[in-house]
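Reader: I have a model open and a list of labels to check. Can we go through the reasoning behind each?

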Amino acid sequence: MRLCLCLWVLAFCILASDLGALADVRSLISKELFEQILKHRNDAACQAKGFCTYEAFVNAANSFGAFATTGDTKTRKREIAAFLAQTSHETTGGWATAPDGPYAWGYCFKQERGNPPDYCVANQQWPCAPGKKYYGRGPIQISYNYNYGPAGKAINYDLLKDPDAVANNATISFKTAFWFWMTPQSPKPSCHAVITGQWKPSTIDIQAGRVPGYGVTTNIINGGIECGKGSNAQMENRIGFYKRYCQILGVDPGRNLDCRNQRPFNA
Ligand SMILES: *[C@@H]1O[C@H](CO)[C@@H](O)[C@H](O)[C@H]1NC(C)=O
């Protein structure tokens with residue numbers, strides 16, 4: 001009887017630790033691969049030098065349970081590659097002839113350069129705090145009070161009061177990007193739903209050329225500027241990052257990488 005109970009406990013423990021390991025983003029992207037992917041982010045020329053760490057990435061990712069834990073291994077790897085690629089485009093310090101190529105320079109910047117305006121618009125639900133600015137910060141370059149507000153609420157940190165935290169605390173910074181990635185903003189699906197194949201295009205989507213694949217994540221992020229206009233440098237840059245990261249993670253990037261022939265969601 002005792003032995004039997006013991007074995008059950010043991011079996012349960014093994015199962016639980018196994019599930020724990022599987023559900024952790026670290027099982028798919030090691031620190032070594034993370035460093036290879038974001039290779040030049042700590043170069044002297046990078047404004048964000050020393051800011052983003054693997055640990056902050058892992059902590060923030062694990063606080064959004066469904067990230068990189070949905071679907072099979074191929075799907076999970078693609079989601080990691082797509083997330084890091086889109087955010088690398090937003091923060092890139094790369095140029096055409098850069099060492100190791102333009103796609104080894106993601107996460108070089110952590111906030112808008114120059115002297116950006118306050119990005120404050122009248123909003124009853126998410127009012128600006130006096131003297132605070134809501135310009136682009138962090139991996140997704142979150143901007144405007146009406147985005148800082150709900151992002152802060154979701155991650156349980158008052159970003160309206162302290163928007164600078166997105167550029168000063170790497171965990172908070174990553175969390176704002178995961179919030180954007182995981183949260184649908186009507187009429188758009190979430191990037192997470194698209195890249196994991198959970199999103200199924202409606203008849204309207206299909207008529208608008210929006211078919212499952214990485215291209216729709218670009219459409220969600222900046223479709224009004226980059227989609228439905230044939231080839232353009234910004235869209236191609238996003239694809240370049242994605243292909244390189246897929247290669248490092250050892251996964252095929254899948255189909256429909258561009259949004260050349262897609263109408264934006266709001267059009
Ligand atoms: C970053 O923010 C998190 C969440 O609010 C907090 O737990 C952590 O201590 C902060 N880290 C630093 C270095 O301030």
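Author: What follows takes the labels one by one and sets each value against its cut-off. One point comes before that: the model is predicted.

Reader: Start with helix packing. Why is H10 called roughly antiparallel to H11?

Author: Helix H10 covers residues 214-226 and helix H11 covers residues 233-249. Their axes lie 10 Å apart, at an angle of about 155 degrees. Angles over 145 count as roughly antiparallel. So H10 is roughly antiparallel to H11. The crossing of H10 past H11 is right-handed.

Reader: Which residues of H10 and H11 meet?

Author: H10 brings Tyr214, Thr218 and Glu226. H11 brings Gln234, Met235, Arg238 and Tyr242. By class, this contact of H10 with H11 has three nonpolar, two polar and two charged residues.

Reader: What makes H4 and H11 oblique to each other?

Author: Helix H4 spans residues 73-90. The axes of H4 and H11 come within 8 Å and cross at roughly 140 degrees. Roughly antiparallel needs an angle over 145, and roughly perpendicular needs 65 to 115. The crossing angle of roughly 140 degrees fits neither range, so H4 and H11 are oblique. Their crossing is right-handed.

Reader: What makes the contact between H4 and H11?

Author: On H4, the residues include Lys77, Arg78, Ile80, Leu84 and His89. On H11, they include Asn237, Phe241, Tyr245, Cys246 and Leu249. The full contact of H4 with H11 has ten nonpolar, four polar and three charged residues.

Reader: Now H5 and H7. How do you know that H5 is roughly perpendicular to H7?

Author: H5 and H7 pack at an angle of about 105 degrees, and their axes are 10 Å apart. The range for roughly perpendicular is 65 to 115. The angle falls inside it, so H5 is roughly perpendicular to H7. From H5, Ala151, Ala154 and Ile155 take part. From H7, the partners are Ile172, Lys175, Thr176 and Trp179. The contact of H5 with H7 divides into five nonpolar, one polar and one charged.

Reader: Which residues of H5 are buried?

Author: Helix H5 runs over residues 145-155, and the buried ones are Asn145, Tyr148, Gly149, Ala151, Gly152 and Ile155. The buried residues of H5 pack against helix H7, residues 170-182. After H5 comes Asn156, with a positive phi near 65 degrees.

Reader: What makes a positive phi worth a remark?

Author: Most residues other than glycine have a negative phi. Tyr119 is not a glycine, yet its phi is near 50 degrees. Gln141 is not a glycine either, and its phi is about 55 degrees. Tyr119 sits in the loop between H4 and H5. Gln141 is also placed in the loop between H4 and H5.

Reader: Are Tyr119 and Gln141 buried or exposed?

Author: The cut-off for buried is 20 or more other C-beta atoms within 10 Å. Tyr119 has 20, so Tyr119 counts as buried. Gln141 has 21, so Gln141 is buried.

Reader: Why is Thr171 called partly exposed?

Author: Thr171 is found in helix H7. It has 17 other C-beta atoms within 10 Å. Buried needs 20 or more, and exposed needs 12 or fewer. The count for Thr171 lies in between, so Thr171 is partly exposed. Beyond neighbours within four places in sequence, Thr171 is in contact with Ala56, Asn59 and Ala60.

Reader: Which residues are around the ligand?

Author: Tyr157, Asn169, Thr171 and Ile172. By class, this shell has two nonpolar, two polar and no charged residues.

Reader: What makes the peptide bond from Ser186 to Pro187 cis?

Author: Its omega is near 5 degrees, and the bond is cis. Most peptide bonds are trans. Pro187 lies in the loop between H7 and helix H8, residues 191-195.

Reader: Last one. Why does Asp258 count as buried?

Author: Asp258 has 20 C-beta neighbours inside 10 Å, and the cut-off is 20 or more, so Asp258 counts as buried. Asp258 lies in the segment after H11. Asp258 and Gly215 are 43 residues apart in sequence, but 4.2 Å apart in space, C-alpha to C-alpha. Leaving aside neighbours within four places in sequence, Asp258 is in contact with Gly215, Met235 and Ile239.

Notes: Residues are numbered from 1 along each chain as its sequence is written. This is a predicted model: local features need pLDDT of at least 70, side-chain atom pairs count only at pLDDT 80 or more; totals for chains, interfaces and linings use all residues. Axes are lines fitted to C-alpha atoms, for helices over the stretch in contact, and angles run from 0 to 180 degrees between N-to-C directions. Helices (H or I, at least four residues) and strands (E, at least two) are DSSP runs, numbered from the N terminus. Angles under 35 degrees count as roughly parallel, over 145 as roughly antiparallel, 65 to 115 as roughly perpendicular and the rest as oblique. A crossing is left-handed if the near helix is turned anticlockwise from the far one by less than a right angle, and right-handed if clockwise. Two residues are in contact if their C-beta atoms, placed from the backbone, lie within 7 Å. Ala, Val, Leu, Ile, Met, Phe, Trp, Tyr, Cys and Pro count as nonpolar, Asp, Glu, Lys and Arg as charged, and the others, Gly among them, as polar. A residue is near a molecule or strand if its C-beta atom, placed from the backbone, lies within 6 Å of it.
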